[in-house]
Structure formats: C-alpha cells, structure tokens
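Biologist: Could you take me through a single part of this model in detail, going from one strand and its partners to the annotated loop that comes after them?

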Amino acid sequence: MRIVFAGTPDPAVVALQHLIDSGHDVVGVITRPDARKGRGRTIHPSPVAALAEKHALPVVKPTSLKPGTEDGDDVRERLRQWQPECIPVVAYGNLITSDLLDVAPHGWVNLHFSLLPAWRGAAPVQAAILHGDDITGASTFRIEQGLDTGPVLGSITEPIHPTDTSDDLLTRLAYKGAELLVATLDGLEAGTVVARPQDGTATYAPKIDKQDAHIDWQQPAHVIDRQIRAHTPAPGAWTMMGEDRVKVGPVTQASPEGSAPDHPGHVVVTKRGVFVGTGTDPVQLGQMQVPGKKMMSASDWARGAQVHGDEGVVWQ
C-alpha cells in the first residue's frame, strides 16, 4: 500500500520505522517544522524528520494545513503527487482540515495511546497513570472531524505497572502500537479490517502544562505518587522550596524510623533517606533537581545542603 506518514515526536519514530520495515511503500512524510531546543536553543528537525531524512524519504514541514496558506497549499500539491492510499498518523500535532480527510481511499488512520473512547485528547498516557487505571492500550481509528471520535479499526491492551512513569508506559505502547498500526494497514489492504463505532463513555485527556505538575502535598500519598509518575519526565513534577522551584522524581510510600514528617510538605532527613509529609502517609524521595544542578539522589541533596533530621524545611 502507498502511504504518507504524519507524525512528529519520538513515539512516532517507532511507528515510522516499523512502516519502513514493512511491506508498505512510504512515499512521503508530513511532520512539524524544525524547532529550537536544548540550552543553546539551536534549530533541530523533529525526530520523525530526522528518521525520514536518514532514509531519503521526501518530507514536508508545514506550520499549518489550512487551505489558502502557502504551507497548506504545498501539502495539497504534494499529496496529489504522492497519491497515497492511506495516511497513518502518530502524534502529528497539527489540525487536519476537513477537505483533506478524503484525499486517500483509506483515509487518515491515527494510532492513539488509549483504549478509545477512554482518554481522547493530547495526553492519554499521563491521564491513565494520573487517574490510577490498571489497564490501558492503543487504538487505531479513522480520523473524522470530532476529537478522536472516529471508528476504531484495531486495539491492543497493556497493563499499567505500579511504578510506571509516563515515559515507561509510552515506550511500551509505542512499540506495541507500531505493530498494531502495521497490522491495521495490512488488514485495510486485504479488506479484512472492519471499522466499528466507539463504544462506552468518553473521557478526555487535555494537553498538560507545567502547573498541572505542581505537587500539592495536602493530597494523599497515592495521589501524589500518581501525579509525579504521570509527569515524569515531562514536564516534570515540581514543588517550591522557599523561592526555588525543585523538580521531584518518583517517590515511594514508606515511613522513616524515628521522627516523621508531622504535616504536608514537611521534610525530614534520616539515615534511611529523605521523607516528605503528605495528606496521609509520608513518602520517600528518590531523585530531585534543584536550580542549576542535575538530577541527584535526595540523600545527596541533603548532604550537600547540610540538611539534617527535622530542620523545618517545608515544600509547597
């Protein structure tokens, strides 16, 4: 099958590589424009663009797909030239306008990292961890005008482990989802895939911003644990220590021997580690990052900052 792939970040790279290695013919790639990143703020292509260029695939990087814009019209001309039979999509990050939905006979087929209609939207993996789901998965569906509302073509399930961060879970889903996407395209080409309407109550996973990752130590320990894991590594869970913003890595629920934090946000250092009070039981810190430093163990931070026992350190 002739396909044009649309995607941008690292999880989409896995899918594109699987498609390149499959029997399908990738004739073009659509991705987001090059962007600045890193401390030097230098321009870099998207991860998908970098892989496409490595394989000498033609790439377009429109800022918008809207008709009547220079980029939008260029994409339409490219699609006329490429004549794809299907356009698989993984985390592309741009609005696909209604006039483009029928440019390929099999449409635009999206790989979404949830069991639709659960967690429609931009951050399904983070939402599943944040809300304490035991099972998630990935779905392929045909894109229509609604937000992730199109008919489902295939799905796989994946357990969520108690220690999973969003990176852990997304990595597994990226590989299993890539296999699902290839199988879906195989089935569409063979005529064996049957689209079915989404069944169940829809839930939504909006785009995450940094404020969502601000830890409220008044919350129960299990809620804080989920919040930190859901936002690791990006944007990174954080708290305030005086005027400093401190990034906090995954925690474990454990009580220190001897003195314990007596109220939410209260930090206690013992020989066993660094503990912080919550709305229920204390949690033990794993890693943390203070301004100007790299991630380090909480015990190393306590030694370097010369924090001992209960010295009135409070995080907010």
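Modeller: What follows is a walk along one strand, its pairing and the loop with the annotated site. Please keep in mind that this is a predicted model.

Strand β6 covers residues 87–90, with Ile87 and Val89 pointing one way and Pro88 and Val90 the other way, and all of these residues are buried. On one pairing, β6 is joined by two bridges to strand β1, residues 2–7, and the two run parallel; within that pairing, Ala6 stands opposite Val89. β6 also pairs with strand β7, residues 108–112, again running parallel, here through three bridges, and Trp108 of β7 is the bridge partner of Ile87.

Turning to the annotated site, the unreviewed UniProt entry places a "binding site" feature at Ser114, Leu115, Leu116 and Pro117. Of these positions, Leu115 is found in the loop between β7 and β8, the latter being residues 120–121, and Leu116 lies in the loop between β7 and β8 as well.

The accessibility of each leucine can be stated separately. Leu115 has 28% relative accessibility and therefore counts as partly exposed, while Leu116, at 10% relative accessibility, counts as buried because that value is under the 20% cut-off.

Their surroundings, leaving aside neighbours within four places in sequence, can be listed as follows: Leu115 is in contact with Ile135, Thr136, Gly137, Ala138, Ser139, Ser155, Ile156 and Thr157, whereas Leu116 is in contact with Ser139, Phe141, Asp148, Val152 and Gln198. Ser139 thus appears in the contacts of both Leu115 and Leu116.

Technical notes. Residues numbered from 1 in each chain as written. Predicted model: local features only at pLDDT ≥ 70, side-chain atom pairs only at ≥ 80, totals over all residues. Heavy atoms only, no water. Buried < 20%, exposed > 50% of the residue type's maximum accessible area, 1.4 Å probe, protein only. Helix = DSSP H or I, 4+ residues; strand = E, 2+ residues; numbered from the N terminus. Pairing = 2+ DSSP bridges. UniProt positions renumbered as here; feature names shortened; annotations may be inferred. Contact = heavy atoms within 4.5 Å.
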